[in-house]
Amino acid sequence: MTNISKPIIATCIGMAISFCVAAKNFHSHSSTKTEHETMDTEQTASNKDAIRKLYTELLNHRHLDQLGTVIDDNYAGIRGEKGPEGFKETVSSLISAFPDIQWSIEDLMADGNKVIVRWTWTGN
């Protein structure tokens, strides 16, 4: 059994940015500075949780039927795919090629409604 470990930095950053634009539960707001700081911290944590859930719960455990809980209908991928079903189509081709593929989050950074994730995947 051969393990392939392949960092896909450019792709994962692009995908994370796409998620940020259209992920459900991502928040933006306008308020006073103190309220802004408090809300920003809570929203940043919530946004990171949504991305973490996408990789660790939904993709790694193949709960692709639940992608709609974190990916908005307005999501547009780099090939023009739309919504949770479009994302599912893209991920399904990877899963078909590497049936045991697993994503590992290496870095997860957020500032307000922007989240950047660096991940690696392994699969045979």
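**Exercise 1. How many aromatic pairs does the count come to in this predicted model?**

Take it step by step.

- The count comes to four aromatic pairs.
- One of them joins Y75 and F87, with 5.9 Å centre to centre and 85 degrees between the planes. Planes over 60 degrees apart count as edge-to-face, and the Y75–F87 pair is edge-to-face.
- Y75 sits in the loop between α2 and α3 while F87 belongs to helix α3, so this pair ties together parts 12 residues apart in sequence.
- Y75 and F87 are both buried.
- Another edge-to-face pair is W103 with W119, at 6.5 Å centre to centre and 75 degrees between the planes.
- W103 is in strand β2 and W119 in strand β3, 16 residues apart, and the pair links distant parts of the chain.
- Now bring in Y55: together with W103 and W119 it forms one aromatic cluster.

**Exercise 2. Work out why W103 and W119 count as buried.**

Start with the cut-off: buried means under 20% relative accessible area. W103 has a relative accessible area of 5%, so it is buried. W119 comes in at 2% relative accessibility, so it counts as buried too.

**Exercise 3. Place V91 in the fold, then find what it touches.**

First, the address: V91 is part of helix α3, which covers residues 83–97. Next, the burial: V91 has 2% relative accessibility and therefore counts as buried. Then the touching residues: setting aside residues up to four places away in sequence, V91 touches L59, L64 and W103. Pick L59 from that list and look at the backbone: the C-alpha atoms of V91 and L59 are separated by 8.1 Å, though the two residues are 32 apart along the chain.

**Exercise 4. Describe helix α3, and list its buried residues.**

Count and span come first. α3 has 15 residues and reaches 22 Å from its first C-alpha to its last, close to the 21 Å expected at 1.5 Å a residue. Now the list: G83, P84, G86, F87, V91 and I95 are buried in α3. To read such a list, remember that an α-helix has 3.6 residues a turn, so residues three or four places apart point the same way.

**Exercise 5. Is E81 buried or exposed, and what does its side chain reach?**

Begin with the location: E81 is in the loop between α2 (33–59) and α3. At 10% relative accessibility, E81 counts as buried. Follow its side chain and you arrive at the backbone nitrogen of R79, at 3.1 Å. Leaving aside neighbours within four places in sequence, E81 is in contact with Y75, A76, G86, F87 and T90. Y75 and F87 are the aromatic pair from the opening exercise.

**Exercise 6. How do strands β2 and β3 run, and how many bridges join them?**

β2 (residues 102–111) and β3 (residues 114–123) run antiparallel, and nine bridges join them. For one partner, take A110, which bridges to V115 in β3. The two strands form a hairpin with two residues between them, and G112 in the turn has a positive phi of about 65 degrees.

**Exercise 7. Step back: what is the order of elements in the protein chain?**

The chain has three helices and three strands, running β-α-α-α-β-β from the N terminus on. Buried residues make up 36% of its 124 residues. Among contacts between residues at least 6 apart in sequence, 57% join residues at least 24 apart. Finally, the surface: the accessible area comes to about 7100 Å², with 53% belonging to carbon and sulfur atoms.

Methods: Residues numbered from 1 in each chain as written. Predicted model: local features only at pLDDT ≥ 70, side-chain atom pairs only at ≥ 80, totals over all residues. Heavy atoms only, no water. Helix = DSSP H or I, 4+ residues; strand = E, 2+ residues; numbered from the N terminus. Buried < 20%, exposed > 50% of the residue type's maximum accessible area, 1.4 Å probe, protein only. Contact = heavy atoms within 4.5 Å. Areas by Shrake-Rupley, 256 points an atom, 1.4 Å probe, with all protein chains shown as cover. Polar contact = N/O pair within 3.5 Å; in protein donor to acceptor, adjacent residues only side chain to side chain. Expected span 1.5 Å × (residues − 1). Pairing = 2+ DSSP bridges. Phe/Tyr/Trp six-rings, centres within 6.5 Å; stacked < 30°, edge-to-face > 60°.
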